[in-house]
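Please examine the following structure with attention to its charged side chains and to the places where they meet.

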Amino acid sequence: MAKTIYVLNGPNLNLLGTRQPHIYGRATLADVEKLCRGAAERHGFTLVFRQSNHEGQIVDWINEARAEKAAGLIINPAGYTTTSVAILDALLTMESPVVEVHISNIHAREEFRRHSYVSLAARAVICGFGIEGYALAIGGLANLSGAKD
Ligand code: DHK
């Protein structure tokens with residue numbers, strides 16, 4: 001049976017394509033999902049792809065990924081990156097690897113974007129590659145899940 005990975009997207013990522021395109025690009029969330037579906041298929045994963053503007057909903061989906069024994073979880077926590085202890089705590093319960101993705105390079109922007117609670121639970125962090133970062137994260141999870149250590 002194919003391993004399942006979750007890709008979770010936080011607030012305002014529903015607006016991709018029209019939201020500050022000079023920072024986030026012109027690709028829509030539907031384009032991101034398509035990219036992720038292609039990458040997941042290439043690596044033999046089943047994909048669950050979701051977006052919410054609500055912190056508790058994201059926590060519930062992380063709990064679901066844990067209960068479903070997902071092979072990995074990729075999260076772009078967006079604005080919750082720098083504020084959410086609840087999302088961090090949920091991610092800390094995951095036994096499978098968590099990858100944090102940001103479309104923009106958060107280190108080249110406002111100072112407040114640099115502090116990530118989520119990074120404390122992340123096996124890896126990808127930022128600044130645009131939406132391609134999601135595909136890189138899926139490839140990274142595939143390497144980890146095939147890796148012997
Ligand atoms: C997306 C957001 O919505 C911001 O709150 C983060 C992140 C950066 C991104 O680059 O994908 O600071």
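The paragraphs below follow the salt bridges and then turn to a serine and its surroundings.

The model is predicted. A search of the whole structure identifies 5 salt bridges, and three of them are described here in turn, beginning with a pair inside one helix.

In helix H2, which spans residues 29-42, Glu33 and Arg37 are 4 residues apart, about one turn of the helix. Their side chains form a salt bridge with an N to O distance of 2.9 Å. Glu33 has a relative accessible area of 26% and is therefore partly exposed, since this category lies between the limits of 20% and 50%. Arg37, at 36% relative accessibility, is likewise partly exposed.

The next pair joins two elements. The side chains of Glu64 and Arg50 meet in a salt bridge at 3.0 Å, N to O. This pair links distant parts of the chain, with Glu64 in helix H3 (residues 55-67) and Arg50 in strand E2 (residues 45-51), 14 residues apart. Glu64 counts as partly exposed at 26% relative accessibility, and Arg50 is also partly exposed, with a relative accessible area of 24%.

A further salt bridge connects the side chains of Arg113 and Glu110, at an N to O distance of 2.7 Å. Salt bridges that share partners bring Arg109, Glu110 and Arg113 together in one network. Within this network, Arg113 is partly exposed, with a relative accessible area of 23%, and Glu110 is partly exposed at 37%.

What does the side chain of Ser104 make with the side chain of Arg109? The two side chains make a polar contact at 2.9 Å. Arg109 thus appears twice in this account: it belongs to the salt-bridge network with Glu110 and Arg113, and it is the partner of Ser104 in the polar contact.

Ser104 itself is found in the loop between strand E4 (98-102) and strand E5 (124-127). Is Ser104 buried or exposed? With a relative accessibility of 7%, Ser104 counts as buried, because the value falls under the 20% limit. Leaving aside residues up to four places away in sequence, Ser104 touches Ile23, Tyr24, Arg109, Cys127 and Gly128. Arg109 is therefore one of the residues that Ser104 touches, contact being heavy atoms within 4.5 Å.

How values were computed: Residues are numbered from 1 along each chain as its sequence is written. This is a predicted model: local features need pLDDT of at least 70, side-chain atom pairs count only at pLDDT 80 or more; totals for chains, interfaces and linings use all residues. Side-chain values use heavy atoms; hydrogens and water are left out. A salt bridge is a side-chain nitrogen of Lys or Arg within 4 Å of a carboxyl oxygen of Asp or Glu. Helices (H or I, at least four residues) and strands (E, at least two) are DSSP runs, numbered from the N terminus. Buried means under 20% relative accessible area, exposed over 50%, partly exposed in between (1.4 Å probe, protein chains only). A polar contact is a pair of N or O atoms within 3.5 Å; within protein, one must be able to donate a hydrogen and the other to accept it, and residues adjacent in sequence count only if both atoms are side-chain atoms.
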